[in-house]
Amino acid sequence: MVKERARILVVGGGYVGMYTALRLQRNLRQELGRGEAEITVVTPDPYMTYQPFLPEAAAGAISPRHVVVPLRRVLPHCRVVVGEVTAIDHAKRTATLTTLATDEEGTGPRQLSYDELVLAPGSVSRTLPVPGLADYGIGFKTVEEAIGLRNHVIEQMDIASSTRDPAIRDAALTFVFVGGGFAGVEALGELEDMARYTTRYYHNVTPEDMKWILVEASDRILPEVGEDMGRYTVSELRRRNIDVRLGTRLESCADRVAVLSDGARFPTRTVVWTAGVKPHPLLAATDLPLTERGRLKCTPELTIEGVTHAWAAGDAAAVPDVTAREPGALTAPNAQHAVRQAKLLADNIAHSLHGRPLQTYSHKYVGSVASLGLHEGVAHVYGRKLKGYPAWFMHRAYHLSRVPTFNRKARVLAEWTLSGLFKREIVSLGSLEHPRAEFELAAGGKTSHDRKDGPRGDSDNNPKGLS
């Protein structure tokens with residue numbers, strides 16, 4: 001039995017939030033049944049996104065609904081609140097949050113009291129003050145962005161196929177990706193592979209007509225897979241006529257022209273920004289200790305340093321790496337650590353409530369895998385380096401084993417099997433992004449998204465988002 005009734009607040013429904021709540025409802029099953037404990041999960045979305053599958057979702061290999069895990073289904077013994085925590089006063093054990101209902105009611109934010117806090121809001125895209133980026137840039141952190149990018153790429157091919165203006169055609173078929181990490185390289189590899197396949201259904205668009213450009217500020221890409229595999233990835237991408245520019249920055253993308261630090265200029269309607277992440281803004285609105293980089297100071301037991309009844313893990317937490325040789329080293333903010341930290345965090349909360357000693361987080365990084373498109377990949381696992389088909393197969397096998405719930409595993413495996421037997425889907429469903437547009441026009445009004453040019457280059461003469 002717990003020493004006293006515990007109200008556990010989990011902020012965030014990503015890797016750490018979902019896995020922590022999932023394990024807590026198992027560890028505290030009896031206490032939850034007796035009403036001695038309650039778990040509340042506050043999250044902006046009612047689902048957890050398995051981000052390693054976003055590139056395949058963008059390429060059409062996996063349906064969008066199978067990339068996400070519905071929280072209410074997997075957390076039946078938790079209270080799931082769809083909203084955002086905007087501030088935390090841990091000294092008073094209160095969190096300020098807004099929900100869709102607070103907007104409708106007009107009552108403003110409300111206060112939520114708790115006894116134990118799990119802070120796992122994740123991270124947000126790290127942007128720079130690049131002219132035009134806010135107007136024309138496309139992110140790649142959510143399933144909505146991934147599917148929107150897929151629709152956008154196919155729409156640009158439609159524009160290029162139907163226009164008589166060479167300048168419009170050239171801009172439509174130029175795709176600039178900024179950032180050489182996993183998100184940028186995998187998104188570029190999968191989408192280029194998808195677009196190259198799609199050209200067989202266009203009478204006047206060929207793979208050679210398209211320009212794919214990867215911009216990376218450092219002198220290497222995919223540092224997680226090692227230098228050798230990073231160099232191989234650059235060679236493989238260039239073999240596919242992808243322009244990889246290392247040691248280069250995006251200076252501007254205003255007026256739909258990507259200007260690079262090496263002086264190159266590319267008229268383009270597509271700039272995908274994947275140049276890193278930064279801590280969630282919520283962390284600055286708490287009374288909890290932060291590092292110089294804005295992450296929560298944590299102990300190896302995943303408690304927040306200097307306070308009690310507060311826990312953190314994942315991107316938001318600076319967790320000491322007890323396996324590292326260098327003093328002061330921190331665990332990398334990636335999914336591999338986040339999932340394992342979440343399970344230990346839940347165990348330690350249960351231990352704390354039952355008066356038992358806490359465990360220390362210790363996990364040696366085993367390696368990384370990355371997909372570069374269908375049947376292409378790189379991997380560096382347990383010291384072994386793989387490339388091509390074996391690495392691609394390992395990428396799929398590893399992530400299939402890690403995606404939550406048997407339901408999702410079975411659905412993803414079924415889709416992969418079917419995609420191997422039938423041709424790819426090349427449909428653009430841009431109308432999903434503005435579902436009321438056609439009815440609004442029929443009713444005699446303006447569409448809600450009427451504007452000269454949207455961030456993806458859609459014009460107001462195209463109410464469905466289709467070309």
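So, let's start at the C-terminal end of the helix list: α12 and α13 are roughly antiparallel to each other, with "roughly antiparallel" meaning over 145 degrees, "roughly parallel" under 35, "roughly perpendicular" 65 to 115, and oblique for the rest. This is a predicted model, where local features need pLDDT of at least 70 and side-chain atom pairs need 80 or more, while totals for chains, interfaces and linings use all residues. Numbering runs from 1 along each chain as its sequence is written, and side-chain values use heavy atoms, with hydrogens and water left out.

Back to that pair. Helix α12 is residues 389-402 and helix α13 is residues 406-421; helices here are DSSP runs of H or I, at least four residues, strands are E, at least two, and both are numbered from the N terminus. Their axes come within 9 Å and cross at roughly 155 degrees (C-alpha line fits, for helices over the stretch in contact; angles 0 to 180 degrees between N-to-C directions). Who touches whom? On the α12 side we have Arg396, Leu400, Ser401 and Arg402, and facing them from α13 are Lys409, Val412, Leu413 and Trp416 (contact is heavy atoms within 4.5 Å).

The next helix pair is α1, residues 15-27, with α11, residues 335-353. Their axes sit 8 Å apart, and the packing angle is about 35 degrees. From α1, the residues in the contact include Tyr15, Tyr19, Arg23 and Leu24. From α11, they include Ala338, Ala342, Leu345, Asp347 and Ile349.

Two of those names come back in a salt bridge. Aspartate 347 pairs with arginine 23, and the closest N and O atoms are 2.8 Å apart (the rule is a Lys or Arg side-chain nitrogen within 4 Å of an Asp or Glu carboxyl oxygen). Aspartate 347 belongs to helix α11 and arginine 23 to helix α1, so this pair links parts of the chain 324 residues apart. How many salt bridges are there by this rule? The count is 16.

On to the strands. One open sheet has 3 strands in the order β22-β23-β24, with antiparallel pairing (strands pair when DSSP finds at least two bridges). At the edges, pairing on one side only, are β22 (367-373) and β24 (384-387). The average twist from one strand to the next is 5 degrees. β22 is joined to β23, residues 376-381, by 6 bridges, and glycine 373 has glutamate 376 as its bridge partner in β23. Helix α10, residues 227-239, lies across β22, β23 and β24, and runs at about 180 degrees to β23.

There's another 3-stranded open sheet, in the order β14-β15-β16, also antiparallel. Its edge strands are β14 (250-252) and β16 (265-267), and here the twist averages 35 degrees from strand to strand. Between β15 (residues 257-260) and β16 there are 3 bridges, with alanine 258 opposite phenylalanine 266 in β16.

Last stop, β5, residues 79-89. With β2 (residues 37-43), β5 pairs in the parallel sense over 4 bridges, where valine 42 stands opposite valine 81. With β6 (residues 94-99), β5 runs antiparallel, joined by 6 bridges, and glutamate 84 faces threonine 98 in β6. The β5 and β6 hairpin has 4 residues between its strands, and arginine 93 there takes a positive phi near 55 degrees.
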